[in-house]
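Me: I want to check some structural labels against their cut-offs. Can we go through them one at a time?

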Amino acid sequence: MTPSSDKDLNGLDNPSFVVEDGSHYCSSPDCAAQGPEEGGGTGHGGTKLAYTVTDVPPWYLCILLGIQHFLTAMGGLVAIPLILSKELCLQHDLLTQSHLISTIFFVSGICTLLQVLFGVRLPIIQGGTFAFLTPTLAMLSLPSWKCPAWTQNATLVNASSPEFIEVWQTRMREVQGAIIVASCFQIFVGFSGLIGFLMRFIGPLTIAPTITLVALPLFESAGNEAGQHWGIAFMTIFFIVLFSQYLKDVPVLLPSYQKGKKCHFSPVYLFQIFPVLLGLSLSWLLCYVLTVTNVLPVDPTAYGHLARTDTHGDVLSQAPWFRLPYPGQWGMPTVSLAGIFGILAGVISSMLESVGDYYACARLSRAPPPPKHAISRGIGVEGIGCLLAGAWGTGNGTTSYSENVGALGITKVGSRMVIIAGACTMLLSGIFGKVGAMLASIPSPVIGGMFLVMFGVITAVGISNLQYTDMNSSRNIFIFGFSVFSGLTIPNWASKNSALLETGIIQLDQVIQVLLTTGMFVGGILGFFLDNTIPGTQEERGLLAWKHSHKGGMESSLLISKVYDLPFGIGTKYCAVSWFRYLPACPKRLSGNKRMDELKAAGQKSTVKASSERDSEIGADTRI
């Protein structure tokens, strides 16, 4: 099939999916002629992407893939308010819990749009972070904030009474104030360029243990979710693995429309681009059938009860159809020093994790490594996201979601337009209370099965960064092995022996406790320190190969500009003039002459390439 126009290549009829010649992705000469960093490129692993960062899939694919990303992030988004509800004295107020879930959906949608459009500009979801949970729970466990005994008794709780509302809202306002103040630190670190300055000292031996330890410590969380019913969890794993690995090359004939051919059937590789969505949907449907037929136990204490789809039935029935979250909905935030210091430790851990996620996301979406200005913007926008989360009252901050980075590796779709669609889905779910409540009814074993697959992909992505280093070097083997093992051992010991770490200063104790119980922080700091102090060449450390891995000659700076420059002409109108050019978050523009030289060189290279292809075709025709 040969597209009739340029629009066919980049518009709704993307040849990456409408194929009729037996090839997997590209069916047109123009698409096939694209390099590894253009269109559906192969990148590092030789595995083609259906859509790269700057590609725009058809609108229906954007919506479906966006919903898939939302469902992938939903497990963490729902878990955070539910975990906080006990310390906020809300364990017997399901309606307020659903409001918190809707609020975190809504704010996560706003933060994702800001990050994709004005932040790092990679296809990465923003949402609540578990790095903030530990200091928040530590703050709420202080004697002054412990819940009154009567709030633990469901028969004594009147959710609409002013007394009960004041009890939980005062605690929420305290959490909000701490998050708002701590977010200002993250905004400063990002937009001042301090994080970009630190990036010159960060290489594969820092990023690899950091990303690896994002997922490895979560084995207990994933196991607890999946362990609610291992049969359902393994069924979810089976579906996802079946679709993403075994059936990824099997096309499904679907009706399509083109001007030249009108209505016809075209092969679409549904199993490859929707493995998570299909796996979750089938498992959820089976759980619903087993719930209706009462095959799953009704007794809340019985094994497998949480695999039922009606365990959150009260949330669905009580949630309003329409509710718009707004800043200050729980009252004016309050501030305390103890809360600020604790949340600051979570901010530091979150920033380090996010930098690792940026590189993992760029790698899986076949984009160039993010430059310093993009990283600075990304961290700064995450700080703004934490500020918004504190203002709206989610009880948490915001960070890049590692689960969705793993989804990129499975679906092979790296378009940021898909993430924008996912952000819009989160916004709508936050506004329509019934939607959020319904999605919250996905059984725990189904989410646990998805986590097992996703966290495994994230772990492998972290380890894959070592390909740039010399792993025959005993220096590198020691740094990585010691960092990862310490990142598992030290947090495990610190969580069980917190009394031995007490200094008598509550604020300092919280900071020490949070830092030492965060595996990615411990492993990342050790990797950073050892890699920069133990003697080693740039080549041995992998800095040369890592930083130049995506460079493709003359087109490299043009590709970086295309991916990471600010949208709507902001990068060219403002960052190239006056004092804006000196801001760390603004892309560094090439001089006019140098940019013209690169454009000419790129054009000459494309001309030579096209000419050689025509010559080879003529030669082939002559031979025939």
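Reply: Here are the labels, each with its reasoning. The model is predicted.

Me: What makes helix 8 roughly antiparallel to helix 22?

Reply: The two helices pack at an angle of about 170°. Angles over 145 degrees count as roughly antiparallel, so the label applies. Their axes are 8 Å apart.

Me: Which residues make that contact?

Reply: Helix 8 (residues 204-215) contributes Leu205, Thr206, Pro209, Thr210, Leu213 and Val214. From helix 22 (residues 519-533) come Gly519, Met520, Gly523, Gly524, Gly527, Phe528 and Asp531. By class, that is six nonpolar, six polar and one charged residues.

Me: Why is the link of Cys89 and Cys147 called a disulfide?

Reply: The S to S distance is 2.0 Å. The cut-off is within 2.5 Å, so the pair qualifies. The angle about the S-S bond is -100°, and the link is left-handed.

Me: What does the pair Cys89 and Cys147 tie together?

Reply: Cys89 sits in the loop between helix 3 and helix 4, and Cys147 in the loop between helix 5 and helix 6, so the bond ties parts 58 residues apart in sequence.

Me: Is Cys89 buried or exposed? And which label fits Cys147?

Reply: Cys89 has 1% relative accessibility. Buried means under 20%, so Cys89 is buried. Cys147, at 21%, counts as partly exposed, because that label covers values between 20% and 50%.

Me: Why is Cys111 not bonded to Cys386?

Reply: Their sulfurs are 7.6 Å apart, too far for a bond. Cys386 is in no disulfide. Cys111 is buried at 3%, and Cys386 is buried at 1%.

Technical notes: Residues are numbered from 1 along each chain as its sequence is written. This is a predicted model: local features need pLDDT of at least 70, side-chain atom pairs count only at pLDDT 80 or more; totals for chains, interfaces and linings use all residues. Side-chain values use heavy atoms; hydrogens and water are left out. Axes are lines fitted to C-alpha atoms, for helices over the stretch in contact, and angles run from 0 to 180 degrees between N-to-C directions. Helices (H or I, at least four residues) and strands (E, at least two) are DSSP runs, numbered from the N terminus. Contact means heavy atoms within 4.5 Å. Ala, Val, Leu, Ile, Met, Phe, Trp, Tyr, Cys and Pro count as nonpolar, Asp, Glu, Lys and Arg as charged, and the others, Gly among them, as polar. Buried means under 20% relative accessible area, exposed over 50%, partly exposed in between (1.4 Å probe, protein chains only).
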